[in-house]
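The following exercises are to be worked with the sequence and the coordinates at hand. Each task is followed by a solution in steps.

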Amino acid sequence: MSTITTAALQTSYPPFLPNSFNGNQPKTIRLYPLSNYTFGTKETQPEEDPSVLARLKRLEEHYTEHGMRRTCEGILVCHEHNHPHILMLQIANAFFKLPGDYLKPEDEEVSGFKERLNERLAPVGTQFSGEGVNEEWEIGDTLAQWWRPNFETFMYPFVPAHVTRPKECKKLYFIQLPRQKVLSVPKNMKLLAVPLFELYDNTARYGPQLSAIPHLLSRYNFEFIDEKGEVVAVTPGGGPNEDGYVPKTRVLAGGDEEMKEDSVKGENGIS
């Protein structure tokens with residue numbers, strides 16, 4: 001079995017092809033190269049709360065008035081050198097989160113989520129023009145639900161048996177990126193492209209929610225598209241690395257400081 005398409009093979013010894021092994025799987029997802037996307041910055045979006053305690057206090061006030069808080073975040077996937085990368089934000093050079101936020105009490109789920117994505121990532125004004133500017137978000141499958149049972153930082157991928165009134169539910173959705181798109185990040189944040197292998201089993205750096213993303217995406221098969229629109233590799237595996245390239249996290253836009261390993265706080269994935 002080869003991960004390289006027939007058109008891209010450069011060998012006189014073609015691989016043996018086994019019978020189909022794609023039963024009961026969702027549709028194959030097309031991933032476009034990171035170089036297809038345009039990244040910029042926009043005005044700073046200050047955090048609503050100065051501390052974790054203040055954020056939990058605001059959650060308590062929301063619950064008292066409106067009930068359980070609904071939060072939506074998106075898993076945006078592209079590829080570089082035929083390896084999936086996740087687009088995520090780094091805030092205050094400290095912790096990581098997926099694009100999205102809590103919904104307003106009156107919001108409908110999907111339309112409200114699109115509004116929050118636009119607040120975080122849509123370009124403003126006439127900064128950019130052409131294909132991919134303010135294109136509609138394509139909200140895909142719900143990949144996970146995380147529950148906050150109490151007014152504290154811990155969240156779980158299940159509702160604990162003794163909990164009857166969870167305080168927050170966070171849903172993670174797969175976001176199908178189009179062939180081209182323009183994304184703008186607030187100046188006080190960084191937009192990163194993080195390879196799947198760096199997230200896998202890396203709870204110390206990314207927290208339990210983000211480090212679980214490789215598990216969530218393992219149900220999909222991928223087609224890796226090049227800049228010409230041709231399929232150059234398919235799941236399982238990936239194409240040959242160019243010049244020994246090893247995928248790594250890349251800062252795409254925003255932020256004035258370099259990433260620092262020791263600046264990551266324990267809030268990742270549980271805030």
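**Exercise 1. The setting of Met189**

Met189 counts as buried, because its relative accessibility is 1% and the cut-off for buried is under 20%. The structure is a predicted model, and the steps below are to be read accordingly.

Task: Determine in which element Met189 lies and which residues it touches.

Solution.
- Step 1. Locate the residue: Met189 belongs to strand β10, which covers residues 189-195.
- Step 2. List its contacts, setting aside residues up to four places away in sequence: Met189 touches Gln45, Glu47, Leu89, Gln90, Ile91, Arg120, Ala253, Gly254 and Gly255.
- Step 3. Take one of these partners, Gln90. Met189 and Gln90 are separated by 99 residues in sequence, yet their C-alpha atoms are 5.7 Å apart.
- Step 4. Set this beside the whole protein: of the contacts between residues at least 6 apart in sequence, 76% join residues at least 24 apart.

**Exercise 2. A charged residue in strand β8**

Task: Establish whether Glu168 is buried or exposed, and identify the side chains with which its own side chain makes polar contacts.

Solution.
- Step 1. Glu168 is part of strand β8.
- Step 2. Its relative accessibility is 2%, so Glu168 counts as buried.
- Step 3. The side chain of Glu168 has a polar contact of 2.6 Å with that of Thr71, and another of 3.3 Å with the side chain of Arg69.
- Step 4. Beyond four places in sequence, the residues touching Glu168 are Leu59, Met68, Arg69, Thr71, Trp146, Trp147, Arg148 and Met155.
- Step 5. Consider confidence: among the elements of the protein, β8 has the highest mean pLDDT, 98, and β13 (residues 250-253) the lowest, 82.

**Exercise 3. Two polar contacts on helices**

Task: For Lys114 and for Glu198, find the side chain that is the partner in a polar contact.

Solution.
- Step 1. Lys114 lies in helix α2, and its side chain is joined to that of Glu136 by a polar contact of 2.7 Å.
- Step 2. Apart from neighbours within four places in sequence, Lys114 is in contact with Glu136, Trp137 and Ile139.
- Step 3. Glu198 lies in helix α3, residues 196-199, and its side chain forms a polar contact of 2.3 Å with the side chain of Tyr206.
- Step 4. With the same exclusion of sequence neighbours, the contacts of Glu198 are Arg205, Tyr206 and Thr249.

**Exercise 4. The second largest pocket**

Task: Describe the lining of the second largest pocket by residue class and by element.

Solution.
- Step 1. The volume of this pocket is about 400 Å³.
- Step 2. Its lining comprises 22 residues; those nearest the centre are Glu47, Arg55, Lys97, Asp101 and Arg120.
- Step 3. Two or more lining residues come from each of α1 (52-66), β3 (69-80), β5 (95-97), β6 (100-102), α2 (109-121) and β8 (168-175).
- Step 4. By class, the lining has 15 charged, three polar and four nonpolar residues.

**Exercise 5. Confidence along the chain**

Task: Which stretches have a pLDDT below 50, and how many contacts does the model give them?

Solution.
- Step 1. The protein has an average pLDDT of 85, and 83% of its residues score at least 70.
- Step 2. Residues 237-242 stay under 50 and have 13 contacts beyond four places in sequence.
- Step 3. Residues 257-271 are also below 50, with 44 contacts in the model beyond near neighbours in sequence.

How values were computed. Residues numbered from 1 in each chain as written. Predicted model: local features only at pLDDT ≥ 70, side-chain atom pairs only at ≥ 80, totals over all residues. Heavy atoms only, no water. 1 Å grid on protein atoms, 1.4 Å probe; cavity = no way out; pocket = protein on both sides within 12 Å on 5 of 7 lines; lining within 4 Å. Points joined across faces, edges and corners; volume = space filled by probe spheres on them. Helix = DSSP H or I, 4+ residues; strand = E, 2+ residues; numbered from the N terminus. Nonpolar A, V, L, I, M, F, W, Y, C, P; charged D, E, K, R; others polar. pLDDT = per-residue confidence, 0-100. Contact = heavy atoms within 4.5 Å. Buried < 20%, exposed > 50% of the residue type's maximum accessible area, 1.4 Å probe, protein only. Polar contact = N/O pair within 3.5 Å; in protein donor to acceptor, adjacent residues only side chain to side chain.
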